[in-house]
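Let's go through this protein together, one question at a time. Have a look at the sequence and the fold first.

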Amino acid sequence: MNKVSAGAAEAVADIPDGASLAVGGFGLSGVPEVLVRALYAQGADGLRVVSNNCGVDGRGLGVLLAAGRIARVTGSYVGENKEFARQYLSGELEVELVPQGTLAERLRAGGAGIPAFYTPAGVGTQVARGGLPWRHAADGSVFVASPPKETRDFDGRTYVLEHGITTDFALVRAWRGDRHGNLVFRRSAANFNPLAAMAGRITVAEVEELVEPGELRPDEVHLPGIFVQRVVALTAEEAADKPIERLSISASPTRGTVRT
């Protein structure tokens, strides 16, 4: 029951070329930065990533992307990363865009053993009709397009069929965790982390604070250890490394400078 790995390098050592990965985080909040960098050092290539977004230039999954290690991305947001746009538009990267709520439910469904479900999101658009450019050719034309999806009417409303997602591995970040793999996420860093963890066949969690079994109250556990196979305890320096995607500064009439 002791799922603690000696370090991040050991925890990702067996991720092979071409593996599929569900990765937690939203923007740079809750991104498993230490595990991503360990995977970069490990050298796995041709990765198929499922994540809300693909990091930014130089942080998060952007590190793997810039090294040409990612072959395909399934996500719901592709902004904030110029290299991502360049690779996608030049035909180097395959991208499946999914409505954000649908992506969350596809991950949850996969982890819960639900093969598919119907949703109204995307009905009447290319999400359902097909034709979204997944991959471009070098000349900018569409080389691979999304296929049409099955639709069905329930009570007079049309829904589109979406499939659950499971991946070979999942990389997530938690605020606290114990040696059994029970995890607690803090505030907005929860985002896609619990869902990504559910979807992975082998889930690796980096935790800011490692505690002993029994220290976490059952009612505060957000993700039970049944979904987690490996735990990596972060150093104090690693736990404190929480970059802000966009820092804006404004003047307050009563308190001076305020950062948001």
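Q: What radius of gyration does the protein chain have, set against a compact globule with 260 residues?
A: This is a predicted model, where local features need pLDDT of at least 70, side-chain atom pairs count only at pLDDT 80 or more, and totals for chains, interfaces and linings use all residues. Residues are numbered from 1 along each chain as its sequence is written, and side-chain values use heavy atoms, with hydrogens and water left out. The radius is taken over C-alpha atoms, and the globule rule is 2.2 Å times the number of residues to the power 0.38. Because a compact globule with 260 residues would come near 18 Å, the chain agrees with that expectation at 19 Å.

Q: What percentage of the residues in the protein chain is buried?
A: Buried means under 20% relative accessible area, exposed over 50%, and partly exposed in between (1.4 Å probe, protein chains only). Of the 260 residues in the protein chain, the buried share is 47%.

Q: Which residues of helix α2 are buried?
A: Helices are DSSP runs of H or I with at least four residues, strands are runs of E with at least two, and both are numbered from the N terminus. Helix α2 covers residues 33-42 and is followed by Gly43, whose phi is positive, near 100°. The buried residues of α2 are Glu33, Val34, Leu35, Val36, Ala38 and Leu39.

Q: Which residue in the turn between β6 and β7 has a positive phi?
A: Two strands pair if DSSP finds at least two bridges between them. Strands β6 (residues 133-136) and β7 (residues 142-145) are joined by three bridges in the antiparallel sense, and one bridge links His136 to Val142. The two strands form a hairpin with five residues between them, and the turn residue with a positive phi, about 95°, is Gly140.

Q: Is Arg201 buried or exposed?
A: Arg201 sits in strand β12, which runs over residues 200-211. Its relative accessible area is 51%, so Arg201 is exposed.

Q: Which residues is Arg201 in contact with, leaving aside its neighbours within four places in sequence?
A: Contact means heavy atoms within 4.5 Å. With those sequence neighbours left aside, the partners of Arg201 are Thr166, Thr167, Asp168 and Gln229.

Q: What distance separates the C-alpha atoms of Arg201 and Phe154?
A: Along the chain, Arg201 and Phe154 are 47 residues apart. In space, their C-alpha atoms are separated by 33 Å.
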